[in-house]
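This briefing is meant for a reader who is meeting the structure for the first time. Please look over the sequence and the model below before reading on.

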Amino acid sequence: MRYMISYDISVNKKRYEVIKVLEKFGCYRVQKSVYFGDLEKLEAFSLRESLKKYFRNESLLIIPFEGDTLKKAIFLLYFEFELIIVFK
């Protein structure tokens with residue numbers, strides 16, 4: 001299942017450690033603090049457990065996308081000051 005992981009961390013050192021954990025699980029960056037990962041449920045649970053210690057006062061979202069939900073999403077991208085809408 002595909003997951004979207006988003007975080008808000010103000011401390012650089014902590015943020016870099018979170019990035020390492022996400023990359024270790026094969027997640028890839030789509031924005032500065034947004035990642036996608038194709039994970040089994042057990043892997044998603046392990047990821048959450050691995051990230052827990054970094055999020056005492058910060059926020060973390062792990063959102064599952066089932067079936068073709070992600071394919072139906074609309075992505076808005078800014079490219080050289082023009083708004084581009086991509087339908088997946």
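Where does glutamate 58 lie? In this predicted model, glutamate 58 is found in the loop that runs between α2 and β4. The points below begin with that residue and its partner, and then turn to helix α2 itself.

**Glutamate 58 and its surroundings**

- Leaving aside residues up to four places away in sequence, glutamate 58 touches Asp8, Ile9 and Lys14.
- With one of these, lysine 14, the side chain of glutamate 58 makes a polar contact of 3.3 Å.
- The pair also counts as a salt bridge, in which the closest N and O atoms of lysine 14 and glutamate 58 are 3.3 Å apart.
- Because lysine 14 belongs to helix α1 while glutamate 58 sits in the loop between α2 and β4, this pair ties together parts that are 44 residues apart in sequence.
- Lysine 14 is partly exposed, its relative accessible area being 23%.

**Salt bridges along the chain**

- The structure holds four salt bridges, and one of them is that between lysine 14 and glutamate 58.
- As a general matter, side chains of opposite charge can pair when their charged atoms come close.
- Arginine 48 and glutamate 49 meet through their side chains in a salt bridge with an N to O distance of 3.2 Å.
- Glutamate 49 also meets lysine 52 in a salt bridge, again through the side chains and with an N to O distance of 3.2 Å.
- Arg48, Glu49 and Lys52 are thus linked in a network of salt bridges.
- Each member of this network is partly exposed: arginine 48 has a relative accessibility of 38%, glutamate 49 has 34%, and lysine 52 has a relative accessible area of 48%.

**The buried face of helix α2**

- Helix α2 covers residues 41–51, and within this helix Ala44, Leu47 and Leu51 are buried.
- When the helix is viewed down its axis, the buried residues of α2 fall within an arc of 60°, so they line one face of the helix.
- The background to this is that an α-helix has 3.6 residues a turn, so residues three or four places apart point the same way.
- Among the elements that cover the buried residues of α2 are strand β1 (2–8), helix α1 (12–24) and strand β4 (59–65).
- Helix α1 therefore enters the picture twice, since α1 helps to cover the buried residues of α2 and also holds lysine 14, the partner of glutamate 58.

How values were computed: Residues are numbered from 1 along each chain as its sequence is written. This is a predicted model: local features need pLDDT of at least 70, side-chain atom pairs count only at pLDDT 80 or more; totals for chains, interfaces and linings use all residues. Side-chain values use heavy atoms; hydrogens and water are left out. Buried means under 20% relative accessible area, exposed over 50%, partly exposed in between (1.4 Å probe, protein chains only). Helices (H or I, at least four residues) and strands (E, at least two) are DSSP runs, numbered from the N terminus. The arc is that of the directions from the helix axis to the C-beta atoms. Contact means heavy atoms within 4.5 Å. A polar contact is a pair of N or O atoms within 3.5 Å; within protein, one must be able to donate a hydrogen and the other to accept it, and residues adjacent in sequence count only if both atoms are side-chain atoms.
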